[in-house]
Amino acid sequence: MLNDHARFDVIGDIHGYASVLENLLEKMDYTKRDGVWRHPERQAVFIGDYVDRGCENIRACRIVMDMHAAGAALAIMGNHEFNHLALDTPVPGQPGEYLRPHTEKNLGQTKKTLAEFEKCPNDKATILDWMKTLPLWLELPGLRVVHAFWSTRAQEILKPYLAADNSIIWEHFPELAKKEEDHSETGDARSHLLSGIEYPLTEGMSFYDSDKNLRKAARLKWWKFDQSPLYLHDLALLSPENMKEIPNEALCKSDLSPDTDTRPVIFGHYWMKPDNLFLGPRHVCVDASIAKGGKLAAYRFSGEAELSPDNLILS
């Protein structure tokens, strides 16, 4: 039974690395009892992106699902969970079409998980049904948790489409699955929370990301929006090579509202290096790039008003 104090272990993007997850849980003094990993005094909080990249996707989901069902963990949705649901959901009134098109790129990003699902269709159905129940963010005692970007504006836009626990009301899923080209305020808000906020580059500018996808917008370090003035080179999450090709534009501050809430935020998503996870006393990213030769990370939160790098645990 958990005590009254806020003691949460926020665990980063797993991406199908179930064995590494179990090693990390054991390192944090979780023990497996009755088939479920538990801690006598703490609760795990999973940040999303349980699947893809690794080779133990169903087992990774099972670990999280069993902990979630037993009350040993909380869990939220990441962009990979949303993408799998969209891949599996037909476009209303358009037979053979899906909310996430079955393109070579989209199927390639999920191929390891889809291969496991093909062999185990019952597991697929159970896991997708569970993914549908995941909230888009959590507000815990003294702590906020989201997959990619804490945006109160995006949350307010989405609330009419969400249940009381911030999970998606399923009949509204097609509206949330709309893309940027659909000019959907709702789709943009969902994308901000699960994939981050991007800034469109000057016309004619582009770069290739680490997965060799052509990009015409730069993902931004939203945790720095309280800086003044704001410049693209300070905020863009780009490699040094790509940064050389991008002009250092001044950004319009009215479009990039700073977060005035003093409660810390822990998030994932951004493929950080293991030694770059601590971003300041209010912001920690727990995505330590497990699927790209990095680590699986967790932050041990115990109610502190300011986060500390000393509370990070790496696999």
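## Pocket, sheet and helix packing

Helices α4 (104-109) and α5 (111-119) each supply at least two residues of the lining of the second largest pocket. The model is predicted. About 210 Å³ of space lies in this second largest pocket. Its lining counts 11 residues, and Arg53, Gly108, Gln109, Thr110 and Lys111 are the closest to the centre. What is the character of the lining of the second largest pocket? It divides into 6 charged residues, 5 polar and no nonpolar.

Next, the sheet. It is open, with 5 strands in the order β5-β4-β1-β15-β16 and mixed pairing. The edge strands β5 (73-75) and β16 (312-314) each pair on one side only. On average, neighbouring strands are turned by 25° against each other, direction ignored. Strand β4 (residues 43-46) runs parallel to β5, and 3 bridges join the two. Valine 45 has leucine 74 of β5 as its bridge partner. Helix α2 packs on this sheet and touches β4 and β5. The direction of α2 makes about 115° with that of β5.

Helix α2 (residues 57-70) also packs with α1 (residues 18-27). The angle is about 40°, and the axes lie 8 Å apart. That makes α1 oblique to α2, because the angle is neither under 35 degrees nor in the range 65 to 115. The table gives the residues of this contact.

| Helix | Residues in the contact |
|---|---|
| α1 | Ala18, Ser19, Leu21, Glu22, Leu25 |
| α2 | Arg59, Ala60, Ile63, Val64, Met67 |

The contact residues of α1 with α2 divide into 7 nonpolar, 1 polar and 2 charged.

Technical notes
Residues numbered from 1 in each chain as written. Predicted model: local features only at pLDDT ≥ 70, side-chain atom pairs only at ≥ 80, totals over all residues. Heavy atoms only, no water. Axes fitted to C-alpha atoms, helices over the stretch in contact; angles between N-to-C directions. Helix = DSSP H or I, 4+ residues; strand = E, 2+ residues; numbered from the N terminus. Parallel < 35°, antiparallel > 145°, perpendicular 65-115°, else oblique. Contact = heavy atoms within 4.5 Å. Nonpolar A, V, L, I, M, F, W, Y, C, P; charged D, E, K, R; others polar. 1 Å grid on protein atoms, 1.4 Å probe; cavity = no way out; pocket = protein on both sides within 12 Å on 5 of 7 lines; lining within 4 Å. Points joined across faces, edges and corners; volume = space filled by probe spheres on them. Pairing = 2+ DSSP bridges.
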